[in-house]
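This report describes the fold of a single chain, going from its helices to its cores and then to its loops.

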Amino acid sequence: MANTWCDSNQSEQIWFQAYLTISWISYFIAIRKDPGSPPINFEPNQGEWRRWCKKCQNYKPERSHHCKSCQKCVLKMDHHCPWTMNCVGHGNFPHFLRFLLWVIWTSGYIMVQLSKRVIQYYEERNLPAYLIPRGEMLAVVFLLPIDFFMFISILILFIRCLINFMVKGMTQIEVWESERIEGQFHTERFWRQIRSNYFKLHNKALPKLTSWRTENERIRAAEELSQEQQEEEEEQEELLEQGVVPQEYTYEDLIFPYDLGFWKNITTSIGYPYQWILPWGGPNNDGYHIEKSEEFIEEDQLGLPWPPDSGHQENTTSSTINRDIELDQIQINGRTNIQLLKKRLDPRSNMKRTEWMNDQGETLDDLGVDIDAEDADHEELLLNHPE
Ligand SMILES: [Zn+2]
Ligand SMILES: [Zn+2]
């Protein structure tokens with residue numbers, strides 16, 4: 001196949017074969033390399049939230065999930081990749097990235113060579129017909145869009161992975177999770193679960209949560225409102241405070257525990273720069289002693305694991321009283337809060353975690369997670385309260 005477009009240039013042909021070989025090798029490694037599973041007798045530390053896997057009959061560390069295809073718990077599971085027939089997780093994430101990178105490089109190289117050919121055809125358009133290799137021309141016209149499509153789709157996936165783990169410090173599953181949390185943040189169901197989890201873990205009721213907005217911002221916001229509006233708002237807040245959902249705490253106030261900052265996010269996932277391109281380069285930790293950001297340890301008011309409503313959700317129904325308050329909240333100072341109204345009307349608001357789908361229509365199941373193993377019974381989540 002390669003000869004059709006590269007026979008005129010020996011060195012291009014050699015380079016192409018070299019890139020193709022590296023791509024195949026990296027593909028093979030991405031298929032074979034184990035993402036890693038929790039140790040058989042893994043047990044969380046005293047006083048930590050306990051996550052139990054029904055299928056493995058074992059505790060699982062933070063960030064790990066049971067994969068329905070691999071049929072085991074996978075450390076720092078990113079997603080199950082159907083193209084490598086393997087989970088992408090702690091142990092093979094750098095290998096997966098290298099595989100994507102080599103496919104991008106090779107398909108990009110092919111795209112350049114094919115485009116050069118097309119330009120050549122155009123320049124030679126006045127030649128007699130018998131001098132134009134029709135078979136080759138057809139192959140080029142056929143292959144160019146396919147190659148372009150592959151190049152673009154893998155490039156998008158690669159960039160998405162890079163942004164997720166470098167900037168946010170998140171796996172694809174955690175990105176999905178944070179989208180769900182943002183979508184359900186205003187619901188009673190979500191906060192009832194948080195309150196229940198907080199009680200189980202700390203043996204006391206959830207304290208009043210406040211926003212991280214600085215005091216200056218608060219003052220400025222207050223100044224913008226007239227005296228009358230302020231009084232009205234305070235009255236409103238007092239009324240709302242009686243509800244389950246905290247009113248001064250926003251989604252932005254929630255700290256993601258595993259975002260260690262740009263550089264540390266990179267090194268904990270794919271190692272140091274000299275390891276990035278090495279076929280065996282990997283992360284610098286075991287994948288089950290999970291480091292949390294200092295910001296989370298120092299400032300987090302919830303003191304709960306990720307996701308804060310945990311892997312299971314109790315059935316809760318919102319009372320009529322609180323429903324009235326919710327409707328009041330949409331109409332603050334006679335203005336309709338469109339964003340809030342949109343969220344309220346979103347049918348996903350009260351969906352269970354196992355049913356929820358993001359804007360792309362992806363469920364937890366689509367990312368490869370075994371939903372039956374994920375939704376652990378409460379009896380199995382007994383906590384050890386620190387003495
Ligand atoms: Zn498991
Ligand atoms: Zn898997």
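The expected span of a helix is taken as 1.5 Å times one less than its number of residues. Helix α2 (10-32) has 23 residues and should therefore span 33 Å, and its end C-alpha atoms are indeed 33 Å apart. The model under discussion is predicted.

**Overall make-up**

The chain holds 14 helices and eight strands. Of its 387 residues, 27% are buried. Among contacts between residues at least 6 apart in sequence, 69% join residues at least 24 apart.

**Helices**

In α2, the buried residues are S23, S26 and A30. These buried residues of α2 pack against β6 and α3. An α-helix has 3.6 residues a turn, so residues three or four places apart point the same way.

Helix α5 (residues 172-184) passes the span check as well: for its 13 residues 18 Å is expected at 1.5 Å a residue, and the end C-alpha atoms lie 19 Å apart, which agrees. Buried positions in α5 are Q172, I173, E174, W176, E177, R180, G183 and Q184.

Two packed helices are described by the angle between their axes and the distance between the axes. For helix α3 (residues 93-123) and helix α4 (residues 134-168), the axes come within 8 Å and cross at roughly 150°. The crossing of α3 and α4 is left-handed. By class, 22 nonpolar, two polar and two charged residues make up the contact of α3 with α4.

Helix α9 (residues 262-270) contains F262. F262 counts as exposed because it has 10 C-beta neighbours inside 10 Å. Not counting residues up to four places away in sequence, F262 touches M166 and V167. The C-alpha atoms of F262 and M166 are separated by 5.5 Å, although the two residues are 96 residues apart along the chain.

**Nonpolar cores**

The largest nonpolar core has 28 residues, and V74, F96, L97, F99 and L100 have the most contacts inside it. Two or more residues are given to this core by each of β4 (72-74), β6 (86-88), α3, α4 and α5. Helix α3 supplies the largest share, seven residues. Leaving aside neighbours within four places in sequence, F96 is in contact with A30, C81, T84 and V88. A second, separate core of six residues includes F190, W191, L201 and L304.

**Loops and backbone geometry**

Two residues that are not glycine have a positive phi, and they are set side by side below.

| Residue | Phi | Loop | C-beta atoms within 10 Å | Class |
|---|---|---|---|---|
| Q57 | about 50° | between β1 (52-53) and β2 (58-59) | 8 other C-beta atoms | exposed |
| R63 | about 70° | between β2 and β3 (65-67) | 24 other C-beta atoms | buried |

The cut-offs behind these classes are 20 or more other C-beta atoms within 10 Å for a buried residue and 12 or fewer for an exposed one. Q57 therefore counts as exposed with 8 such atoms, and R63 counts as buried with 24.

A cis peptide bond joins W306 and P307, with omega about -10°. P307 is found in the loop between α11 (294-299) and α12 (320-330).

The loop between α2 and β1 holds P39, and P44 has its place there too. P39 has 13 C-beta neighbours inside 10 Å and so counts as partly exposed. For P44 the number is 18, so this residue is also classed as partly exposed. The C-alpha atoms of P39 and K60 are separated by 8.8 Å, with these positions 21 residues apart along the chain. P44 and E62 are 18 residues apart along the chain, and their C-alpha atoms are separated by 9.0 Å. Leaving aside neighbours within four places in sequence, P44 is in contact with R50 and Y59.

Notes. Residues numbered from 1 in each chain as written. Chains lettered and ligands numbered in written order. Predicted model: local features only at pLDDT ≥ 70, side-chain atom pairs only at ≥ 80, totals over all residues. Axes fitted to C-alpha atoms, helices over the stretch in contact; angles between N-to-C directions. Helix = DSSP H or I, 4+ residues; strand = E, 2+ residues; numbered from the N terminus. Left-handed = near helix turned anticlockwise from the far one by under 90°. Nonpolar A, V, L, I, M, F, W, Y, C, P; charged D, E, K, R; others polar. Core = buried A, V, L, I, M, F, W, Y, C linked by C-beta atoms within 7 Å. Contact = placed C-beta atoms within 7 Å.
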